[in-house]
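Thank you all for coming; I would like to take a few minutes to walk you through one structure. Please have a look at it first, and then I will go through what we can say about it.

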Amino acid sequence: MGKLALEGIRVIELCQYWAGPSVGRFLVPMGAEVIKIESKRRPDGARGMPPHVDGIRGLNRGCMFYELNPGKLSVTLDLGRPEAIALVKQLVGISDIITQNFTPGVLAKLGLDYPVLRSVKEDIIMLSVTGFGTTGPDKDHPAFGDTILGFTGIPNFTGYPGGPPEWIGTVILDPLAGLHGVVAVLAALEHRAKTGQGQYIDLAMTETGICCLPQAVMDFTMNRHVYPRMANRDNLMAPQGVYRCQGDDKWVAISIATDEEWQAFCRASKHEDWLQDERFSDAFRRWQNHDELDRLIGQWTINYTHYEVMHLLQRAGVAAGPVFDFQEMVADPHIRERGLFVHMSQPETGEMLATSLPFKMDGVAEELQHAPEIGEHNEYVLGELLGLSKEKMAELQERGVIY
Amino acid sequence: MLEKADMVAGPYCTKLLAGLGAEVIKIEAVGTGDKARTAPPFLDGVPHPERSGLFAYLNTDKLSITLNLKTETGRHILERLIQETDIFVAAHQSGTMEELGIEYRRLSQINPRLIMTSITPFGMTGPYKDYKGSDLIANSTGGLAIITPLNAEDPEKPPLKPGGHFADFFIGVIAAGASLAAVAQRRLSGTGQHIDLSQQEAIAYIILWPIMYYNAERHIVRRTDAPRMAPRHLIPCKDGHVWIQIIQPGEAEWQRFCQWASDADWATNELFKVEVSRAQYWDALKPLLSDWAMSRTKEDFVKASHDYHLTFEPLNPIEEVVNHRHLAARDFFVEIEHPEIGKVKYPGPPYKLSQTPWQVTRAAPRLGEHNEEIYVKRLGFSHQELVQMRAGGVI
């Protein structure tokens, strides 16, 4: 086993909830040491978000926190205290990257903004992840991934024909912003390796969302045309849709890209007569008659399980896949063989499932360590890394600096 | 970087790195090019390989060459290019690259420092490794469709994917992150490596809610679940829609909302005072809140959000996104001059780096625009050979 890709890289995480912690979530299995700074007064908000294990609230029972923070270290410092700020600066002095997702201005008030930290460590890389960025008239607007989704316009393009815009079943802007943050900090590390320079990165969650909605943006900027809402249909592939199968709320997704795939589909589903049907003879006609085609395909799929449809069609060279719920995903043989979900052992609540990185490569740890209990690593971080004596730590604890 | 990828996922990965200064050579199919060239929106709605807005956006700052990898010469040229490549991004339905003899194991013998980033629907191992996919199938098999739309009212309507190509964009940005991690790894080990990305896994990795509720209470999240938090809903108002969400579980935030809505009966109703109870009686609250919202504009909500410290946000129509004063103040949209499309606004940088700012220096290439640059000037073929390669269907 070779070295981990980011061995020796230390990250200070001044982040809570979802977007900012997503960056560290990606970097930890790569070998980075990620130190979360929080306090019992202001713990990571994800610790308090429902759901909690067995419905019992507690700082070490929040399931959102588990997913976003495996393998990180938690140190508790009350940032309202000047001594705590001094300790954060000491930590920055021995670190490579700082990630932060406070509302703009908060770090400046604390005396921890980029110019200050840069004077502590000149080549520091600092990533700021905020809803609207750190400049512009709306920068101070409070932002959560859900509340700012509408700002991007994305829900306008999600929904059923003739129906209202619909909301997506998870918060996509947080992970989208976090993953773009990963690209930015790794690129900045590369730049630092070449030049010795650090830098400041201003990332706005809303902007990463708009970056991933180019059809709608470009249709408007090129044509002053409002891009349509298309449910599960595709511009190029017809038919494409989600069709009902045997069972309660069971569905299969099918995408047919070419005439060859259409023919394979008709043969595999034993509908050779559709091959002769003029309404479906080419992609254009299949698009024109998509409603009728959806009805006919649905009448066929309802007789099978979604697995049966997937295997039958895929073996014939047609793209299809079940609409999995989480239980089915955990049990699925492919997902199991790839090892997508892994167990981690939480000190307070025992075995929990976590999702491993969505790719295989060298330089990534095979196991995920547990998400830290609050303040779990005070001794290691403050004692071993910063060299505070036991007496000094006890004193700081007594005075509520370590809190 | 070398790119052999159609549509969105692979091209977004390389676009991100091109914006940070990487040179990206895009290999396109002879004659037809990247499939995104056939994808809307087109300038004036007229299909044309140089007029796709999707293609134009995804391929800024890249060089385009045409190359037929099914020919012996084509494969030979690919090997020449691989010798000088750091990262080769290949997005494909599984198996298609191996059929062409394009395998990491072989390419790494030509260039041991090569990083190869493979994007496939289900990854390159496991029982579904040869199965085909799409954005819809990734959303479906990755667990997002079964929970979308949020608060679905009609269980007879099918699960939905988010509009656009979000599964493709997610795997694209993840591929860029993994590729850069491999560059860091190469600094330590001296050798390149193969990254095997699964689009299904990308969706499973980002969605969180299902695994959270599974861990907490073995509950399987579905789009038709009763709301646990309320309001956390898109509500129609006088001139559009507004997202109304009470974030804090305590009572203070709801009370601030009720101060604004002090004229409404529901605002003084004890039943709705506590979050648990609002969620429980959401069916009763929703029509009251909706009626009330219908007499207010999006701007009213924006103002109230500011005055009462709430987080309401209107759903912006696309024209308001493109013309938004905040995004304008940040210079987010960038104007790019393209020979066919002309000068229009594109979504700009996803992040602003102080020392190495993201930039666009070149509009998306026309199909094969850089054949001469790459084949003659870089690889040393003569113009005569260029003619013959074209005649032979190699380029």
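**The interface between the chains**

Let me begin with where the two chains meet: chain A and chain B bury about 12,400 Å² between them, and 66% of that area lies on carbon and sulfur atoms. I should say straight away that this is a predicted model, so please hear every value in that light. If we ask which three residues supply more of the area that chain A buries against chain B than any other three, the answer is Tyr160(A), Trp167(A) and His334(A), which together account for 6% of it. Counted by residues, 148 from chain A are in contact with 137 from chain B.

There is a charged side to this as well, since the count between chain A and chain B comes to 12 salt bridges. One salt bridge joins Arg222(B) to Asp325(A), with 3.1 Å between the closest N and O atoms.

Turning to chain A by itself, we find it divided into domain 1, covering 10–211 and 337–398, and domain 2, covering 240–244 and 250–324. The C-alpha centres of these two domains of chain A are 43 Å apart.

Finally, I would like to look at helix 4 of chain A, residues 82–93, whose 12 residues reach 17 Å from the first C-alpha to the last, close to the 16 Å expected. Which of its residues are buried? In helix 4 of chain A they are Ala84(A), Ile85(A), Leu87(A), Val88(A), Leu91(A) and Val92(A). Seen down the axis of helix 4, these buried residues fall within an arc of 160 degrees, so they line one face of the helix. As a general reminder, an α-helix has 3.6 residues a turn, so residues three or four places apart point the same way.

Definitions and conventions:
Residues are numbered from 1 along each chain as its sequence is written. Chains are lettered from A and ligands numbered from 1 in the order in which they are written. This is a predicted model: local features need pLDDT of at least 70, side-chain atom pairs count only at pLDDT 80 or more; totals for chains, interfaces and linings use all residues. Side-chain values use heavy atoms; hydrogens and water are left out. Domain bounds come from an automatic or database domain assignment. Helices (H or I, at least four residues) and strands (E, at least two) are DSSP runs, numbered from the N terminus. The expected span of a helix is 1.5 Å times one less than its number of residues. Buried means under 20% relative accessible area, exposed over 50%, partly exposed in between (1.4 Å probe, protein chains only). The arc is that of the directions from the helix axis to the C-beta atoms. Contact means heavy atoms within 4.5 Å. Buried area is the accessible area (1.4 Å probe) that two parts lose on being put together, summed over both. A salt bridge is a side-chain nitrogen of Lys or Arg within 4 Å of a carboxyl oxygen of Asp or Glu.
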